Amino acid sequence: MSLVYLNGDYMPPEQAKISPMDRGFLFGDGIYEVVPAYHGKMLGFDAHIQRMQSGLAAIDIELDYTAQQWRQICDTLIAKNPGPNQGIYLHVSRGADSKRNHAYPQGITPTVFAFCFELPGEPVCDPELATNYHVSLEQDKRWQRCNIKSTALLGNVMHYQSGAAAGNKETILFNSDEQITEASSSNVFIVKDGVISTPPLDHQILPGITRWLILTILAEYSDFAVQQRVISKAELLNADEVWITSATKEVGPVVKVADQVIGSGQPGPVWQQVQSLFSQHKFDY
Ligand code: PMP
């Protein structure tokens with residue numbers, strides 16, 4: 001039986017009750033994280049918690065959970081839920097108010113919810129799980145604060161859904177200047193002539209923990225030239241390789257963007273090397 005965490009207690013999911021006056025429900029007023037754990041070991045835990053704490057500070061939610069408390073919640077959920085590989089979803093909303101009013105209310109208690117979902121395995125370690133992604137491409141219509149990991153994900157959901165409706169598993173996005181931002185639930189990398197590039201961190205993209213891990217591992221263990229720079233839509237479509245990255249996908253090779261086949265139509269040689277480096281070093285940080 002699976003158990004979830006809600007405001008200090010562990011319980012079966014059907015017993016977890018949240019007020020409909022919760023601002024997470026009414027406004028999507030909250031911050032979330034997803035931390036993967038393989039055989040009980042969490043990947044990028046400190047970085048995920050740090051990003052969550054910056055997100056909470058950015059929207060003035062005061063929550064006094066320490067990284068150690070978060071670790072204990074995650075470890076308990078991992079132990080109390082079935083399966084060797086789990087994603088841990090952490091969610092903090094501003095809490096329930098007595099009325100619906102846009103302004104941040106004072107003196108309410110944040111709602112803290114967490115649950116596990118089973119992951120099929122470690123994408124980079126298991127060739128069976130290495131999906132060759134076909135993705136859609138469309139203009140980014142989300143808000144101007146995409147660096148905040150907000151639970152208000154309707155823009156991302158709509159972008160993902162339009163990819164899904166076209167039979168794809170992700171949608172890569174470009175801004176009004178035809179510059180690549182990210183994908184609906186992933187960051188984007190390209191490879192051209194052996195050089196690895198990814199868009200720079202700014203308000204248009206989430207600072208992905210997988211993106212950071214890849215950049216850190218490449219700097220430490222490889223001689224690849226790596227650039228954080230603006231990437232145009234044309235460069236994406238003409239790239240030798242395209243990858244999408246996220247905590248649960250790890251480094252996902254993209255073989256088709258809209259109608260354009262990327263490179264040879266198979267995961268490329270740079271991806272092979274990077275995914276091998278990633279699987280060797282990903283738990284070191
Ligand atoms: N961008 C968006 C919009 C995301 O939702 C995610 C996470 N699903 C990412 C990038 C990748 O972030 P991470 O590597 O921390 O999972």
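User: Where is the place of leucine 237?

Analyst: Leucine 237 belongs to helix α6, which covers residues 233–237. Keep in mind that this is a predicted model.

User: Is leucine 237 buried or exposed, or something in between?

Analyst: Leucine 237 is partly exposed: its relative accessible area is 22%. The cut-off for buried is under 20%.

User: Which residues does leucine 237 touch, leaving out those up to four places away in sequence?

Analyst: Its contacts are Leu137, Val257, Gln260 and Ile262. For a contrast, take glutamate 33. Leucine 237 and glutamate 33 are 204 residues apart in sequence, and their C-alpha atoms are 31 Å apart in space.

User: Now the interior. How many residues does the largest nonpolar core have, and which have the most contacts inside it?

Analyst: The largest nonpolar core has 24 residues. Met42, Trp70, Ile88 and Leu90 have the most contacts inside this core. Next, look at the elements behind it. Those giving two or more residues are β3 (30–38), α2 (45–58), α3 (67–80), β5 (85–93) and β6 (111–118). The most comes from α3, with five residues.

User: What does methionine 42 touch, not counting residues up to four places away in sequence?

Analyst: The list is Val35, Pro36, Ala37, Arg71, Cys74, Asp75, Ile78, Ile88 and Phe283. A second core, separate from the largest, has 18 residues, and Leu215, Ile217, Leu218 and Val274 are among them.

User: Back to α3. How do I read a helix by its sides?

Analyst: Start with the general idea. An α-helix has 3.6 residues a turn, so residues three or four places apart point the same way. Now the case here. α3 has 14 residues and spans 20 Å from its first C-alpha to its last, close to the 20 Å expected at 1.5 Å a residue.

User: Which residues of α3 are buried?

Analyst: They are Trp70, Ile73, Cys74, Leu77 and Ile78. These buried residues cover an arc of only 130° around the axis, which puts them on the same side of α3. Gln68, Gln72 and Ala79 are exposed on the other side.

User: And α2: which residues are buried there, and what covers them?

Analyst: The buried residues in α2 are Phe45, Ala47, His48, Ile49, Arg51, Met52, Gly55 and Leu56. Their cover includes β3, β4 (41–42), α3, β5 and α5 (209–221). α2 also has 14 residues, and its end-to-end C-alpha reach is 20 Å, close to the 20 Å expected at 1.5 Å a residue.

User: What phi does aspartate 60 take, just after α2?

Analyst: Aspartate 60 takes a positive phi of about 55°. Check two further cases. Asparagine 7 has phi near 50°, a positive value in a residue other than glycine. Asparagine 7 is in the loop between β1 (4–6) and β2 (9–11). Its relative accessibility is 42%, which counts as partly exposed.

User: What is the second case?

Analyst: Glutamate 250 also has a positive phi, near 60°, in a residue other than glycine. Glutamate 250 lies in strand β14, residues 250–257. Its relative accessibility is 0%, which counts as buried.

User: On to rings. How many aromatic pairs does a search of the whole structure find?

Analyst: The search finds eight aromatic pairs. Take tyrosine 65 and tryptophan 70: their ring centres are 5.0 Å apart and their planes are at 45°, so the pair is tilted.

User: Why tilted?

Analyst: Stacked needs planes under 30 degrees apart and edge-to-face needs over 60, so 45° falls to tilted. Both partners are buried: tyrosine 65 has a relative accessible area of 16%, and tryptophan 70 has 1%. Now compare phenylalanine 115 and phenylalanine 117. Their ring centres are 6.4 Å apart with planes at 55°, so this pair is tilted too. Phenylalanine 115 is partly exposed at 26% relative accessible area, and phenylalanine 117 is partly exposed at 29%.

User: Which residues do ring pairs link into a cluster?

Analyst: The cluster holds Tyr32, Tyr89, Phe113, Phe115 and Phe117.

User: Where does the charged end of lysine 41 sit?

Analyst: It sits over the ring of phenylalanine 283, 4.5 Å from the ring centre. Phe283 is also on the contact list of methionine 42. A second charge to look at is arginine 94, which lies over the face of tyrosine 104 at 3.5 Å from the ring centre.

Conventions
Residues numbered from 1 in each chain as written. Predicted model: local features only at pLDDT ≥ 70, side-chain atom pairs only at ≥ 80, totals over all residues. Heavy atoms only, no water. Phe/Tyr/Trp six-rings, centres within 6.5 Å; stacked < 30°, edge-to-face > 60°. Buried < 20%, exposed > 50% of the residue type's maximum accessible area, 1.4 Å probe, protein only. Lys NZ or Arg CZ within 6 Å of the ring centre and 35° of its normal. Helix = DSSP H or I, 4+ residues; strand = E, 2+ residues; numbered from the N terminus. Contact = heavy atoms within 4.5 Å. Core = buried A, V, L, I, M, F, W, Y, C linked by side-chain atoms within 4.5 Å. Expected span 1.5 Å × (residues − 1). Arc of directions from axis to C-beta.
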